[in-house]
Amino acid sequence: MRRIGKVPKEQVAVFANFLRSRGLEVAIRHGDQDDVELWAEDEDKIDAAKDSLQVYLADPTAEQFQRLPTIAPTVKKTNSRYIDVRTQIFHRPALKAITTALIAISVLVFIARQALPSLDALLIYSAYAQPLFKEIRAGEVWRLLTPIFLHFNLLHIIFSMLWLHVLGSQLEQREGGKYLLLLVVAIGIISNTCQYLMAASIFGGFSGVVYGLLGYVWIMGKFKPRSGYILDNFTLGFMLVWLFMGIIGMVGNIASAAHVFGFISGVVWGLIVSDQLVMRRNNRRTSTRDKF
């Protein structure tokens with residue numbers, strides 16, 4: 001989905017009606033107090049729509065905008081379809097039940113840790129590098145997931161919860177709460193386990209899962225555009241640069257393995273859901289048969 005431009009609130013109905021008469025469905029997103037933004041999915045007509053907008057803003061009374069059949073503009077909620085941290089942080093999509101619950105649990109654990117430092121011992125993955133998985137093999141299987149709720153300072157939890165809000169709310173709105181929860185649990189276990197195996201130390205945070213959600217959204221938007229996910233290049237680039245900085249140690253002691261394998265997990269999940277793995281395998285088989 002791409003942005004056409006801003007239109008004064010009192011004039012949006014006329015111009016949206018004009019675009020619809022030309023076969024272009026538009027979505028309306030509230031922007032400034034006196035303006036609204038128009039967005040559209042039809043890439044082939046975006047440039048023409050922008051040109052028409054310039055003409056309209058120059059002379060809203062022009063005849064071509066007045067003599068039109070009355071077509072009520074379709075207003076779509078675009079918050080579930082465009083993931084751009086620069087707009088989603090300030091336009092804030094409504095929190096969904098699972099996303100809200102995950103944020104609430106993380107915040108409550110963060111507060112509880114201040115009064116009960118011993119809580120960490122119950123939630124960390126393991127206190128032992130050897131033997132591997134000592135507590136988990138003893139039946140404490142919750143440790144596979146619970147490190148995602150541990151945050152060690154205020155900046156850590158703010159960063160994680162902000163991205164969980166942006167990505168989690170969008171995913172839950174598109175796929176439902178059960179699907180989001182399944183993703184969180186699967187990616188959380190994978191990212192935690194990889195971090196433990198590669199650097200057996202005390203770690204925690206939701207960022208491994210956040211990177212998994214990011215990878216999933218990116219792949220779905222790239223290979224299955226009808227899913228409604230579009231991740232802008234700025235957001236993706238920012239997160240990947242941050243990931244790289246963590247790997248080379250520029251941002252302190254962070255769980256880089258959890259970030260990397262969380263991201264990989266989300267990418268693979270997206271490839272499976274978007275049927276890219278099946279398509280690539282079939283293409284290889286076809287190519288092999290053609291050689292013979």
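**Exercise 1. Describe the surroundings of V209 in this predicted model.**

V209 sits in helix α9, which covers residues 207–223; helices (H or I, at least four residues) and strands (E, at least two) are DSSP runs, numbered from the N terminus. This is a predicted model, in which local features need pLDDT of at least 70 and side-chain atom pairs count only at pLDDT 80 or more, while totals for chains, interfaces and linings use all residues. Residues are numbered from 1 along each chain as its sequence is written, and side-chain values use heavy atoms, with hydrogens and water left out.

Step 1. Take the accessibility. V209 has 1% relative accessibility and therefore counts as buried (under 20% relative accessible area; exposed is over 50%, partly exposed in between; 1.4 Å probe, protein chains only).

Step 2. List the contacts (heavy atoms within 4.5 Å). Leaving out residues up to four places away in sequence, V209 touches I148, V184, I187, G188 and S191.

Step 3. Check a C-alpha distance. V209 and F263 are 54 residues apart along the chain, and their C-alpha atoms are separated by 7.8 Å.

**Exercise 2. Find the salt bridges and classify their residues by burial.**

Step 1. Apply the criterion: a side-chain nitrogen of Lys or Arg within 4 Å of a carboxyl oxygen of Asp or Glu. The count is two.

Step 2. Take the pair D120 and R113, whose N to O distance is 2.5 Å. D120 is buried because its relative accessible area is 17%. R113, at 14%, is also buried.

Step 3. Take the pair R143 and E140, with the closest N and O atoms 2.5 Å apart. R143 is buried at 5%, whereas E140 is partly exposed at 24%.

**Exercise 3. Which backbone oxygen lies 2.8 Å from a polar side-chain atom of S169?**

Step 1. Locate the residue. S169 belongs to helix α7, residues 154–175.

Step 2. Take its accessibility. With a relative accessible area of 0%, S169 is buried.

Step 3. Name the partner. The oxygen belongs to the backbone of H165.

**Exercise 4. Which residues of helix α1 are buried, and what follows the helix?**

Step 1. Helix α1 spans residues 12–21, and its buried residues are V12, F15, A16, N17, F18 and L19.

Step 2. Just after α1, G23 has a positive phi of about 85 degrees.

**Exercise 5. Characterise the whole protein and its confidence.**

Step 1. Count the elements: the protein has 12 helices and three strands.

Step 2. Take burial and contacts. Of the 292 residues, 44% are buried. Among contacts with a separation of 6 or more, 75% are between residues 24 or more positions apart.

Step 3. Take the surface. The protein exposes about 15,300 Å², and carbon and sulfur atoms supply 61% of that area (Shrake-Rupley method with a 1.4 Å probe; for residues, only the protein chains shown count as cover).

Step 4. Check the confidence. The average pLDDT (the predictor's confidence in each residue, from 0 to 100) is 81, and 80% of the residues score at least 70. Over residues 71–83 the pLDDT stays under 50, and the model has 50 contacts beyond four places in sequence for this stretch. Residues 85–93 are also below 50, with 26 contacts beyond near neighbours in sequence. Where pLDDT is low, the predicted coordinates should not be read in detail.

How values were computed: A polar contact is a pair of N or O atoms within 3.5 Å; within protein, one must be able to donate a hydrogen and the other to accept it, and residues adjacent in sequence count only if both atoms are side-chain atoms.
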